[in-house]
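Hi everyone, thanks for making the time. Let me put the structure up on the screen, and then we'll walk through a few spots together.

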Amino acid sequence: MKQHTICPLNDILPETGVCALIDGKQIAIFRTKKNDLFAIDNYDPFSQANVLSRGLIGGTTIVNEAGMDEEVLYVASPIYKQRFNLATGQCLDDVDVTLAAYQVTLNKDTVMLEGV
Amino acid sequence: MGKNGTIEKNAVIKNKGNLIVIGNGMVGHHFVERAIEQGLHEQFEIHVFAEEDRPAYDRVYLSSYFEHKDASKLNLVDLSTYESSQIQLHLNQQIVTIDSANQSITTASGEQIEYSELVLATGSYPFVPPIAGREHPHCHVYRTIADLDDILAIAELPKVKKGVVVGGGLLGLEAAKALVTLGLETYVVEFASQLMGVQLDASGGEILKRKIEALGVTVLTGKNTQEIISHTDSASDADDTDDDARYLTMQFADGTTLDTDMIVFSAGIRPQDAIIKNNPECGIVMGARGGIWIDEHCRTNADHVYAIGECAVWDNQIFGLVAPGYSMASICAAQIAGHNEQIFTGADMSTKLKLMGVDVGSIGDAHGTTEGGLSYLYQNPAEGIYKKLVTTADNKRLLGAVLVGDTEDYNNLLQLYLNDIDLPAHPESLILPNVEKPMMGIDNLPDNAMICSCYNVTKGSICSAVENGAYSIADVKAVTKAGTGCGGCAPMVKDTVSYQLKTLGFEIKNDLCEHFTYSRQELYSLIRVHGIKTFDELLTEHGHGHGCEICKPTVASILASCWNDYVLKPELTPLQDSNDYYLGNIQKDGTYSVVPRVPGGEITADKLIVLGQVAKEFNLYTKITGGQRVDLFGARMEQLPDIWTQLVEAGFETGHAYGKSLRTVKSCVGNDWCRYGVDDSMGLALRLEDRYKGVRSPHKIKMGVSGCMRECAEAQSKDFGMIATENGWNLFIGGNGGITPRHAELFATGIDTETLVRYIDRIIMFYIKTADKLQRTSKWRESLEGGLEYLQAVIIEDSLGIVDELEAQMELLIQNYVCEWAETINDTEKLKRFRHFVNSEQGDDNVVFVTEREQIRPATDSEKSAIRVVELA
């Protein structure tokens, strides 16, 4: 699977996102305060603007399929505030909307994205 | 159910009789919805015949058509629901006869259709008095979208400048508003001696008249129109001769005349009963003054024939409101489905509405005609407020009320009236201003008290919905439909839900979010008392979980209000929402607005030129704001640092248009230039804006300073308003122009500038400390127990002994001010973030502008695809 070099880790301030351009596609990449990395589409289908990388990261507790409480991390769109699960791209406010989510890893201090 | 589904299904269809509905107005459509709910579409083949060429639309909001000119916004019918329930809607089809003996109807085109059940929902038609000349093409009625299109077409003729509405009732005033919207010089001509004679008494009608005249409409009462004389030729020839020539002249019985270009008749409605009147042989009984007679089950005297809405007469009454029509529709659908427990028992005709911006309410016996009834009056001619209560002779029960200019008491009074609740010892206290009003608590209402009259939802049904798990207002609305009609009952729905939650033992929590079990005020105290400087510190010590888009910006705002650190310090940056993060307001397409401070709107020619140059260089949309500043729109994120570098260099500072902080201090020119100016409003405005710039608060703050009582700066609509008098400044607080506009209250009079500044320091800090998240000063002031007097005691008399502390804390914020943009453009690390892509210098290709009125605006979706096609080609 093709690997894309994105940027040095330090280009992403902890607990914020940046937007990367991969083969013409806009992808929002997030770094949490624990230095976990996530990537989903940057396009917000509700506002039809490329803005998700600029949203705030939040956490909420949901009941997962196994019936257990689970904390999920999400980004809230800066335009109309819909929330998207960072790990899966699933919109938490509209079950019918799911964005693509991507594998993002750290190679030494470089953020890498897989397979777009 | 048989074994072979197909055969049985066919068999059912074969046996299906026709349920025919004549009329697809609001009530006819409501009937169809209720019929589907009752499953009648499975029992019958439903055919709906409409005379108009479009499905049902909202006539209550008809006037809004003149503002948006989009008929689809009024549409009530979801055609896919009609389709999936196999309801056949026949538009443009008039029904001309009913044969009740053979159970059939005939269409205008001669087609005969049998019915098993027939529902007449033919509504009403506008009454046009028989005045000679009323056939002129510039004479219209106000009833359908087609009528509105005709009115619009005439109003757009270049010579048409003036319009007259005949009829000063509810609909007539609606029509008058429409003519005003169309830019016509507008007259209302009423036959009776007052406006809204049905709902209001003479004094109420007089106040309403004065208020409407203040809006530029001329009201002529006691005018009996005898003839309409046409000057069509002279008016059309007038192009190059006499610009004042009008199309029509109205001749009144008193000998006077009125020239006009168009006439809209709105003199009441009559039941649309032609189908019965023209076919007496059908044997269906009519009311004494027209209309179709029905019993309490909405049945006419003919078997299987029903009538509902404005065409129906029940107990000699016709109900010209939509709510009783909806009740009839529900009852009729239930009746046909075999449930006859619901009956129609009349309807309360109380109304509350806004006519041309004037609040009007009428309850029960507004004219006080009940024998022995007592009337209580309150009149405030200065503010145009008139209130009247009519009670029983023993003072115990409310019989009626009239409210003009202020309908705040309406819901309370209506519940007292509808539920026959004992009045307080002094009924006049219910309408007097500035007294503690005995409010109708939800707990005092009986279970059958009607909360939402559009959908007949009682207190009992809301309470049981809550009991069954609808714990939020949204859930209650979804389950009961309460509050989804006209919306007037929304506050009561909310109170009822809270009441029931409390009754069930729920605690109404004021937690900020799932990460903090504290309110904003409590978090403020924790941060202040423990000297907390970061979000993580607060979360570790006093919260749990990760944090979210609610608590992060709130805490960022509190931290800024306490310590005023630069908001883009690395530990504070991730807390800021997009506006504070990029120091600009994010707009719908993801671009930002740039708003430099222009204190008091005072700007040198050189600075003005710089703004123009920057706007031109970066191709920004430019607009002078309502707050005396210049907005530059359409800046891409990556352009912001370059734009601000130029602006800072020219001496501009950030205007904090993106922050919950001081926005502008609007000002008039004051005694420097103005011949009426009493004091230096410009000087004070500049001083205040400079003093409080950048101070973060629970909500944005606006101020206004007027140099004299003429109030050109509209200071009383601001959070803080200052008006100069001969004796010093008058300070007003708690006004705003937001969703719920509120006039500011007079806080202190005749104070000098130093005292004024001290008071404002204290009030802002006290507001910051005690307000809720995103609570405006107006709501905050209303939430203070003890009201304005309490606030005056705290701020002026120092009743809590905290004013020194408040002033010192404000002083700290002022000392720590830096221009966030000046700081940011000098920090190369910070500038890195102003790139759309972390790995490319390109911009966002989804940001596309088109030109309108010589400036840019975001392209719509269809425009974007069109632009792309052109680019590819």
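So, strand E2 of chain A, residues 16–22: that's where the largest share of the lining of the largest cavity comes from, three residues. Before I go on, keep in mind that this is a predicted model.

How big is that largest cavity? Its volume is about 120 Å³. In total, 14 residues line the largest cavity, and nearest its centre you'll find A:Val18 and A:Cys19 along with B:Lys832, B:Arg833 and B:Arg835. If you sort the lining by class, you get six nonpolar, three polar and five charged residues.

Okay, how many cavities of 30 Å³ or more are there? The structure holds nine.

Let's hop to the second largest, which holds about 80 Å³ of space. That one is lined by 13 residues, with A:Thr16, A:Gly17, A:Arg54, A:Gly55 and B:Tyr581 closest to its centre. E2 turns up again here: E2 and strand E7 (56–63) of chain A, plus helix H19 (578–582) of chain B, each give at least two residues to this lining. The class split for the second largest cavity is five nonpolar, six polar and two charged.

Last stop, out on the surface. B:Tyr471, B:Leu504 and B:Phe506 make a nonpolar patch of about 260 Å². Where does B:Phe506 sit? Look at the loop between helix H15 (490–503) and helix H16 (520–530) of chain B. And why do we call B:Phe506 partly exposed? Because its relative accessibility is 35%, and partly exposed covers what falls between under 20% for buried and over 50% for exposed.

Key
Residues numbered from 1 in each chain as written. Chains lettered and ligands numbered in written order. Predicted model: local features only at pLDDT ≥ 70, side-chain atom pairs only at ≥ 80, totals over all residues. Heavy atoms only, no water. Patch = residues over 30% accessible without salt bridge, like charges linked within 9 Å, V, L, I, M, F, W, Y side chains within 5 Å. Areas by Shrake-Rupley, 256 points an atom, 1.4 Å probe, with all protein chains shown as cover. Salt bridge = Lys/Arg side-chain N within 4 Å of Asp/Glu carboxyl O. Helix = DSSP H or I, 4+ residues; strand = E, 2+ residues; numbered from the N terminus. Buried < 20%, exposed > 50% of the residue type's maximum accessible area, 1.4 Å probe, protein only. 1 Å grid on protein atoms, 1.4 Å probe; cavity = no way out; pocket = protein on both sides within 12 Å on 5 of 7 lines; lining within 4 Å. Points joined across faces, edges and corners; volume = space filled by probe spheres on them. Nonpolar A, V, L, I, M, F, W, Y, C, P; charged D, E, K, R; others polar.
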